[in-house]
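Here is a short tour for anyone who wants to get to know this protein at the bench. Take a look at the sequence and the model first, and then read on.

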Amino acid sequence: TNSSRVFGHIFGSSATTDGNLEVTSKITERKDQDGNSILTESTVTFKVPTSLQEVNLKSSDITNISECAFYGMAMIKRVILPDSVTEIDSHAFYGCSGLVEFDLNKTVTLYESAFANCSSLKTVNWGAVEVIKQSAFQGCTSLGTKKFIVDSNEDNESTLTVKLPSSVRELGKSAFKGCAGAKYFDIKGTSL
């Protein structure tokens, strides 16, 4: 369709009885550069299997993940981004409760609620991230393993510390609210 958020519309829909995600979209007339009609209004139904677990965008040249692009896609466990992505827009992965790992590669900015309520998210490779906006990881209750957690508190090994990378210069309000797996945040070396 002519919507920049079509990916989110496809995956944000409800499951059908045949085990697929289904969305019906109305497509309106589009014109080419010369003003000639190339598409008239019609209705299209997309189906995506609920068994989809990985989305690999590595070979694309996109520079950002659009707002709500993967909103509520509970079945997705892993998304592979190309190095060209520098921004992840607001709510892009909101509620992706099956997402367990994420590599930010060259991503610089994470907008509001980008990964909020990704309750299974355990592994995050920070890459070059500089800006983490408001509520970006709010409700990510499983954060606390591998690359995201660097060390544990010496007095109590069950108390975990999140070490933010030196590239971080901005951290928004409630960025990590409700992240029960992380008890301490180490911001030494950042320019916050």
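The report below goes from the overall fold to the core, the cysteines, the pocket and a few individual residues.

## Overall picture

Please keep in mind that this is a predicted model. The protein has 16 strands and 1 helix. Of its 192 residues, 38% count as buried. Looking at contacts with a sequence separation of 6 or more, 36% of them link residues that are 24 or more positions apart.

## The nonpolar core

The largest nonpolar core contains 38 residues. Which of them have the most contacts inside this core? They are Ile88, Phe93, Phe115 and Phe137.

Phe137 is a good place to start exploring. Leaving aside residues up to four places away in sequence, its contacts include Phe115, which is also among the core residues named above. Phe137 also touches Leu110, Ala116, Leu121, Val124, Trp126, Ile132 and Leu143. From further along the sequence come Ala175, Phe176, Lys177 and Cys179, which Phe137 touches as well.

## The cysteines

How many disulfides does the model have? The count comes to 0. A disulfide is a covalent bond between the sulfur atoms of two cysteines. For Cys140, the closest cysteine sulfur is that of Cys118, and the 5.0 Å between them is too far for a bond, because the sulfurs would have to be within 2.5 Å. Cys179 is in no disulfide either, with the sulfur of Cys140 as its nearest cysteine sulfur at 5.2 Å.

Are these two residues buried or exposed? Cys140 has 0% relative accessibility, so it counts as buried. Cys179 has 6% relative accessibility and therefore counts as buried too.

## The largest pocket

The largest pocket holds about 190 Å³ of space. Its lining is made up of 13 residues. Those nearest the centre of the pocket are Arg78, Val79, Glu101, Phe102 and Asp103. Strand E7 (78–80), strand E9 (101–103) and strand E11 (123–125) are the elements that give two or more residues to this lining.

What is the chemical character of the lining? It divides into 5 nonpolar, 5 charged and 3 polar residues.

## Two serines with positive phi

Most residues other than glycine have a negative phi. Ser135 has a positive phi of about 60 degrees, although it is not a glycine. You will find Ser135 in the loop between strand E12 (131–132) and strand E13 (149–152). With 9% relative accessibility, Ser135 counts as buried.

Ser174 also has a positive phi, near 60 degrees. This serine sits in the loop between strand E15 (170–171) and strand E16 (184–186). At 28% relative accessibility, Ser174 counts as partly exposed, because that value falls between the 20% and 50% limits.

## Residues that meet across the sequence

Leu57 lies in the loop between strand E5 (54–56) and strand E6 (64–65). Where does the chain come back to meet Leu57? The C-alpha atoms of Leu57 and Pro82 are 6.0 Å apart, with their positions 25 residues apart along the chain. Besides Pro82, Leu57 touches Ile62, Ile65, Phe70, Ile80 and Leu81, not counting residues up to four places away in sequence.

Glu87 belongs to strand E8 (residues 87–88) and is partly exposed, with a relative accessible area of 28%. Its C-alpha atom is 6.1 Å from that of Leu110, which is 23 residues away along the chain. With residues up to four places away in sequence left out, Glu87 touches Thr63, Asn64 and Ile65, and also Thr107, Thr109 and Tyr111. Ile65 is thus a contact of Leu57 and of Glu87.

Gly189 is found in the segment after E16. At 57% relative accessibility, Gly189 counts as exposed. Which residue lies 5.0 Å from Gly189, C-alpha to C-alpha, while being 23 residues apart in sequence? That residue is Ser166.

Conventions: Residues are numbered from 1 along each chain as its sequence is written. This is a predicted model: local features need pLDDT of at least 70, side-chain atom pairs count only at pLDDT 80 or more; totals for chains, interfaces and linings use all residues. Side-chain values use heavy atoms; hydrogens and water are left out. A nonpolar core is a set of buried Ala, Val, Leu, Ile, Met, Phe, Trp, Tyr and Cys residues joined through side-chain atoms within 4.5 Å. Buried means under 20% relative accessible area, exposed over 50%, partly exposed in between (1.4 Å probe, protein chains only). Contact means heavy atoms within 4.5 Å. On a 1 Å grid over the protein atoms alone, a cavity is a set of points where a 1.4 Å probe fits but cannot get out, and a pocket is an open set with protein on both sides within 12 Å along at least five of seven lines; lining residues have an atom within 4 Å of a point. Grid points are joined across faces, edges and corners, and a volume is the space filled by probe spheres set on the points. Helices (H or I, at least four residues) and strands (E, at least two) are DSSP runs, numbered from the N terminus. Ala, Val, Leu, Ile, Met, Phe, Trp, Tyr, Cys and Pro count as nonpolar, Asp, Glu, Lys and Arg as charged, and the others, Gly among them, as polar.
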